[in-house]
Amino acid sequence: MPSSADNSMNSLRSSPRPMIGYGNVETRIIEADYPVANSLASIASNDESGHLYLSGRHTSTEQSREELNIDEIHHETEEENSNLVQETKSEEHHITLNGEHENTAREPEPLVNGDLIEPPVNKQGFVTPPPAALSDSDVDDPSQDVFSEGSSISSISSPLGTYKSDDSLDRKLPKGTAYHVAREILQTERTYVKDLEVITIAFRNTVFEKEALPEDVKELLFSNFDPLYDFHCLFLDELQQRLSQWESEESYEHHKIGDIVLSNLLQMKKFIEVIKNHEKVLLALYKTTKNSVEFEKIYKEFELQPACYLSFNAFILKPSQRLVYYKFILEKLVQYYTTGHVDYQDTKAALQEIAEVLGELESCTKILENYQKLIELERDLIGLENLVQEGRQFVREGCLQKISRSGSQARMFFLFSDVLVFTSRGGNVTNQFKVHGKFSLDSMKIEKGEDMHGLFCFNLITEDNTYMVAATTQVERSKWMEDLNVTVLKIKNKSSPVLEEVMISTESGREDGENEAKKVKASTLDKRHACSRTMSTRRVCWHRNTSVSTVEYSIAVRNQLSGELQRKFKTGDKWQKLFVVLTNFCLFFYKSHEDEEPLASLPLIGYAVTKPDENDNINKELVIKLQYKTHVYFFRADSEYSFF
């Protein structure tokens, strides 16, 4: 006789899939260039530094202008932003009625690049709001253009709302680390379920409507993600019920979480083979995009939807990364409990179970992360082919200065287990990174050079020539030299597999200026898609003169957090409550956990995390200070557990 859990699972499969915060996904093909409001469009179009204050896309054309002090712009925009909701109502652009968004059609308006884009309309006839995204330069004031400081935040109706908590950073929460750990598990599980919906609902609607994905790939994809989604919907429901009981009841009967986690992790073992298949899913989608122009177009269009706030491939990695999180959070809980605690034995048993599961999946997770990075780079770097191969490992990416007789030129370098590739920015209609050349590592030597004009140089010595490159800090130089030496040593010791050579197209390999007539023509979709990838690590590293290694990349994609924080700008006095998701080197800001899409985002590479000092005039406790050069943000946690 089937269990109640089986019945619930079958019910989920036989009925239309519930939406947890994405609304009518299948009707949304978002124009990423659509601006939020006229008052902010003028600011964006006049700010050549790339400091963007609206959710439209804007490309920085002048890296040196990144040093611009934007405090004055902050001050000028705060008054406009404080009345943004009223402005948009008066313009009949975005009207909020009873917590739901109703929009009226309006004339298309010129964008930063001079094109006219019609705002997309869904089946209900509403204009779909655009995604909030930063430019590819240092946009360090995200979402200030979307809503004013201190504005009220209304909830959005959703099936997820069956758990109604009046969470506020100022209300008194139940004491004890166990409660805060349980709440963190709940908040991150909500985000994880929404991430799974990007595949199981949003992408499904797209590919079934367009009928461009081969049946075998379609079956492979959804047969390996639908069971996970169904399972985690039920797990999420259990977590919500337990937290509701924990907050409402004084008795200690429900003041525990290990029993629920243990029972679900025991069931999760049956998904080990499913997660192992995700490598096949990733490679099948990669090959399909290469072989089908029609599917590649659909794929890019989907990635422009605001719900797809990361590259689509990144969502394929989420299940394996989620298991790593369970182990991390259970270790924290076991350390907190005493051996006599009522929840200790279940929590310890759950930790043992997840450690066993991860033991089987650790190598698969590393391979999956590496493939995802290689596929992303091959797609986004112009002129690079044959990069994705079994055995090729990503090592480091970052910005270095290439020194020549004519001076120094900024170049983006990509180090792999068998080759070093260097690229430049711009010179093409999509303003992507274009490959200029490569260095074979099998006979390379790396030597420290003489410092010059604030640059920290080192030499790449090949059989034919010596090339001088430089980092902007001694730390960056040390990182590059260490990774290069280790990689070269592995090749000489024949510990790296022999791979097919990376191919660079003839048009891409030219260092000199190119004739405008010979530039590769790009469609409007290609331009929009290239602009939408502004949060990529390579673009942030380019503008902040830094680098990211494979170890740092792995840590960033595996360590994910979700929860409520209060945010304050450097020049403002009011604190605003937001739901914040930390993943992939970036903070994504939402009005609440039920929101369909992020309001804005902030890339964290290069930021320092400290406590406020006396000069900051912060009179509240549990405040975190984020600072990159002159760009400062303050975030206030609701408990010591969340703060630390």
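1. Helices (H or I, at least four residues) and strands (E, at least two) are DSSP runs, numbered from the N terminus. On that basis, the protein has 19 helices and 19 strands.

2. A word on the model before you dig in: it is predicted, with local features needing pLDDT of at least 70 and side-chain atom pairs counting only at pLDDT 80 or more, while totals for chains, interfaces and linings use all residues. Residues are numbered from 1 along each chain as its sequence is written, and side-chain values use heavy atoms, leaving out hydrogens and water.

3. Of the 644 residues in the protein, 57% are buried (under 20% relative accessible area, with a 1.4 Å probe and protein chains only).

4. Now for the inside. The largest nonpolar core (buried Ala, Val, Leu, Ile, Met, Phe, Trp, Tyr and Cys residues joined through side-chain atoms within 4.5 Å) has 109 residues. Phe203, Ile257, Phe312, Ile316, Leu323, Ile354 and Phe416 have the most contacts inside this core. Helix H5 (residues 177-210) gives the most to the core, with 15 residues. A second, separate core of 19 residues includes Met444, Val469, Val488 and Ile491.

5. Phe312 is a nice residue to click on. Setting aside neighbours within four places in sequence, Phe312 is in contact (heavy atoms within 4.5 Å) with Val198, Ile199, Phe203, Leu285, Tyr299, Phe302 and Glu303.

6. Contacts in the protein can also be sorted by sequence separation: among those between residues at least 6 apart, 66% join residues at least 24 apart.

Note on methods
Buried < 20%, exposed > 50% of the residue type's maximum accessible area, 1.4 Å probe, protein only.
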